[in-house]
Amino acid sequence: MEKKNVLINIKGLQKDAENESENVELLTEGTFYKEKEKYYLVYKETEVTGMEGTTTTVEIENQKVAIIRNGVVNNQLLFIPNKKTTSYYNTQFGSLTVSVISSNVKVDVGDEGGNLDISYRMDINDEFANESSLSINIKEA
């Protein structure tokens, strides 16, 4: 499969400890391709996300999704259903320990694009940070 230019629609919802929620929506362009048995989605972060100067790669497998950021922000989040994964979040201001416990990882992606739906809880430095859901739609540009 050749690399394709795609439109990416990312919707996120976060609820904090006070049950206050924040909706985020981002529409951007990126590249989509398949290598071995994995799909890859690559896009540049913008001012809107507060991570300008960072490239995000979403590595997609059947029941596993990794979000890898390199640049101003460096981290890797790994989403596996009903599993806790821990990584380090490195910023220009220092490093944090980030854990995610995924309650849902739904992958419906093929050569033409598709959808990812992920629900998870995030802890930062072993303290509850938020309950989140993330929905990513990929379609040819």
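# Exercises on a ten-strand sheet

A search of the whole structure finds three aromatic pairs; rings of Phe, Tyr and Trp (its six-membered ring) pair if their centres lie within 6.5 Å, and planes under 30 degrees apart count as stacked, over 60 as edge-to-face and the rest as tilted. Please keep in mind that this is a predicted model, where local features need pLDDT of at least 70, side-chain atom pairs count only at pLDDT 80 or more, and totals for chains, interfaces and linings use all residues. Residues are numbered from 1 along each chain as its sequence is written, and side-chain values use heavy atoms, with hydrogens and water left out.

## Exercise 1: Stacked rings

Task: Describe the aromatic pair of phenylalanine 32 and tyrosine 39, then the pair of tyrosine 33 and tyrosine 40.

Solution:

Step 1. A pair of aromatic rings is described by the distance of the centres and the angle of the planes.

Step 2. For phenylalanine 32 and tyrosine 39 the centres are 5.4 Å apart and the planes differ by 5°, a stacked pair.

Step 3. Tyrosine 33 and tyrosine 40 are also stacked, with 5.2 Å centre to centre and 20° between the planes.

Step 4. Now check burial, where buried means under 20% relative accessible area, exposed over 50%, and partly exposed in between (1.4 Å probe, protein chains only). Phenylalanine 32 has 0% relative accessibility, so it counts as buried. Tyrosine 39 is buried at 10%, tyrosine 33 at 14% and tyrosine 40 at 12%.

Step 5. Tyrosine 33 has a further partner: lysine 3 lies over its face, 4.7 Å from the ring centre. The rule here is that NZ of Lys or CZ of Arg is within 6 Å of the ring centre and within 35 degrees of the ring normal.

## Exercise 2: The order of the strands

Task: Work out which strands stand at the edges of the sheet.

Solution:

Step 1. Begin with the elements: the protein chain has zero helices and ten strands. Helices (H or I, at least four residues) and strands (E, at least two) are DSSP runs, numbered from the N terminus.

Step 2. Line the strands up. The ten form an open, antiparallel sheet in the order E6-E5-E4-E3-E2-E1-E10-E9-E8-E7; two strands pair if DSSP finds at least two bridges between them.

Step 3. Look at the ends. E6 and E7 (84-91) each have a single partner strand, so one side of each is left without a neighbour in the sheet.

Step 4. Visit each edge. E5 (residues 65-71) pairs with E6 over five bridges, and a hairpin of three residues joins the two. Within this pairing, alanine 66 has leucine 78 as its bridge partner. At the other edge, E7 and E8 (residues 94-110) share eight bridges in the antiparallel sense, and threonine 86 stands opposite serine 99 in E8.

## Exercise 3: Two faces of one strand

Task: Sort the side chains along strand E6 (residues 75-79) by the face to which they point.

Solution:

Step 1. In a regular strand the side chains alternate between the two faces of the sheet.

Step 2. In E6, Asn75, Leu77 and Phe79 point to one face and are buried.

Step 3. Gln76 and Leu78 point to the other face and are not buried.

## Exercise 4: Charged pairs

Task: Find out which strands are tied together by the salt bridge of lysine 4 and glutamate 140, then look at two further salt bridges.

Solution:

Step 1. A salt bridge is a side-chain nitrogen of Lys or Arg within 4 Å of a carboxyl oxygen of Asp or Glu, and the structure holds seven of them.

Step 2. Lysine 4 and glutamate 140 meet at 3.4 Å, N to O. Lysine 4 lies in E1 (residues 4-15) and glutamate 140 in E10 (residues 127-140), so the pair ties together parts that are 136 residues apart in sequence. Lysine 4 is buried at 18% relative accessibility, while glutamate 140 is partly exposed at 41%.

Step 3. Glutamate 59 and lysine 38 also form a salt bridge, at 3.4 Å, N to O. This pair links E4 (residues 54-60) with E3 (residues 38-44), the two residues being 21 apart. Both belong to a network of salt bridges that links Lys38, Glu59, Glu61 and Lys64.

Step 4. Aspartate 123 and arginine 121 meet at 2.8 Å, N to O. Aspartate 123 is buried at 8%, whereas arginine 121 is partly exposed at 30%.
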